[in-house]
Amino acid sequence: MKQLWIGGQWAKSSKSDVRSIINPATLEPVDEVTEGTPEDAHRASSVAAEAQPHWGKMPALERGKLLHDAARAMREDRAILSRLLTLEGGKPRIENLDEVEWCAACLEYYAEIARNSHGSSIPPVAEHQINFTIKEPLGVVAAIVPFNYPLLLLMWKIAPALAAGNTVVIKPSELTPLSTLRLAETCFGHFPKGVLNVVTGTGQGVGEPLVDDPNIACVAFTGSTAVGTRIAVRAAQHLKRVNLELGGIDPLIVFEDADVEVAAAGAAWARFLNAGQVCTSAKRIYVVEAIAKDFVARFVENAKAIKVGNGMDADTDMGPLISKVALERVEDQVERSVAAGAKILAGGARLSNAGPGYFHAPTVLTEVKESFPVVSEEVFGPIASIQVVKDADEAIKRAAKSEYGLGANIYTSNLSYAMRAMTEIKAGTFWVNDPLTDNDAAPFGGMRKSGMGRELGEEGLDAFRETKHVHIDYIPEKKGYWFPYKNRKAEMPDC
Ligand code: NAD
């Protein structure tokens, strides 16, 4: 049984409630964790608040060294971390090895850019004055994260937050807390006590109390648009900073000049990666009529070739969905879309021969309309919906029509198509011919209902800092514009 991680050590909860973590591939229990309480959340935030002043004043070089040590420890622990990620989340282990490596690289990036970070020197408004800005940490950051990339989405928050001098309280998804607890002990155990804390539990039991907690200066959240909206409303009551990375229904356009073989394989990967449980999955695929037949045939071939199974097997391409609720939601979205007229070209149902867990077949639907659930709702599962469009104009117009704005993908070598699509489509990331590639040095985030704020890049560091303007007059003297104003009578124009 795993306890909470508070003040650099394992800590008991104020209650004795326990949650069993279930392997979504085998339905076997992996381990048990403490179900944290509002009191536990406050205890962690208090410890983090106590640790923050010292951590915030530590030279960036020293904080950077500790972050580099954490990156090294992650790489050394990659076998166990990736195994835990697969056991609790179902993702193929090869993808989880990548996830651990990306986390280590992210730590290294922020260890270095925080050393290099600077404010600005500003021309003063009068003689013998100096003006400049300095960057200060916010205080204690609550990092609330989802199940699909438990460590990566956490690292995009805590690496910059810690590098900037904040301390953190982490609330992992209640479905995938084990890798985070392991990370805290084995990779951040060398940090000063209280700088990094983990409280496991539900959104209501731990997440909401953290949002309301007076010790928390900023809530960095990744998850659904519904929960993100709720957090934004709550945080507004305290005028608290929020960074929200939310849902998306990203488009992927295949124009008529695309290499169909590459585009079909790329689109299939972009849709079925992590069983479709990716915020930036290609959830609406538009293909131009002239190449549609060829593209759809190759896409279906790719979908049918995906090996579904337990993520611990080295030849598994796609694992299960995270839970029974998630599987049933996806089944319902497919059923309602088929009832509305969608045609199934591959899959279409859950898979019982892949194991006892929550497996769904990679599914390809055509003849879908924008109003069908598989297009109008975020489908967090392996369901590809393909829409054939007349030409590039129609493709761009339809791709751009969305309440969301997380990412967008296109396949083309036509500069005019690429530039028009880039201009018309609202999205935090726009990918051309290489879907879903992230870069630690480039900002990531959403527009519209996909969120606010940016992670990664310099923007991701600034998300966890305040800017202070410092004004210095190095010759103290009485100013002519102070009281009494009678001295300024001559300046008054006649009325
Ligand atoms: P979720 O919103 O259900 O949960 C996310 C986290 O919020 C969990 O830790 C949960 O316990 C917590 N939570 C739930 N209710 C809360 C509340 N009232 N107050 C505070 N915290 C609360 O999301 P999920 O099902 O874990 O993940 C899937 C969703 O996340 C999808 O919509 C997906 O698009 C989105 N997502 C977005 C990004 C991105 O970068 N934009 C990345 C990954 C996933």
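Visitor: How far is an oxygen atom of the ligand from an N or O atom in the side chain of glutamate 174?
Guide: In this predicted model, Glu174 is among the residues that come nearest to the ligand. The pair in question joins a ligand oxygen to an N or O atom of the glutamate 174 side chain, and their separation is 2.6 Å. Taken alone, the ligand exposes 850 Å², of which the protein buries 88%. The distance asked for is 2.6 Å.

Visitor: Which residue places a backbone N or O atom 3.5 Å from an oxygen atom of the ligand?
Guide: Lysine 171 does not answer this, as the atom 2.9 Å from a ligand oxygen belongs to its side chain. The backbone atom at 3.5 Å from a ligand oxygen belongs to phenylalanine 147.

Visitor: How many nonpolar residues does the shell around the ligand have?
Guide: The ligand has 28 residues around it, and Val145, Ser224, Leu246 and Glu378 are among those that come nearest. Helix H7 (203-212), strand S10 (216-222) and helix H8 (225-237) each supply at least two residues of this shell. By class, eight shell residues are polar and six are charged, while the nonpolar ones number 14.

Visitor: Which residue in S6 stands opposite isoleucine 122?
Guide: An open sheet of three strands runs in the order S5-S6-S22, with antiparallel pairing. Its edge strands are S5 (121-122) and S22 (465-473), each pairing on one side only. Two bridges link S5 to strand S6 (residues 129-137) in the antiparallel sense. Opposite isoleucine 122, S6 places asparagine 131.

How values were computed
Residues numbered from 1 in each chain as written. Predicted model: local features only at pLDDT ≥ 70, side-chain atom pairs only at ≥ 80, totals over all residues. Heavy atoms only, no water. Pairing = 2+ DSSP bridges. Helix = DSSP H or I, 4+ residues; strand = E, 2+ residues; numbered from the N terminus. Near = heavy atom within 4 Å. Polar contact = N/O pair within 3.5 Å; in protein donor to acceptor, adjacent residues only side chain to side chain. Areas by Shrake-Rupley, 256 points an atom, 1.4 Å probe, with all protein chains shown as cover. Nonpolar A, V, L, I, M, F, W, Y, C, P; charged D, E, K, R; others polar.
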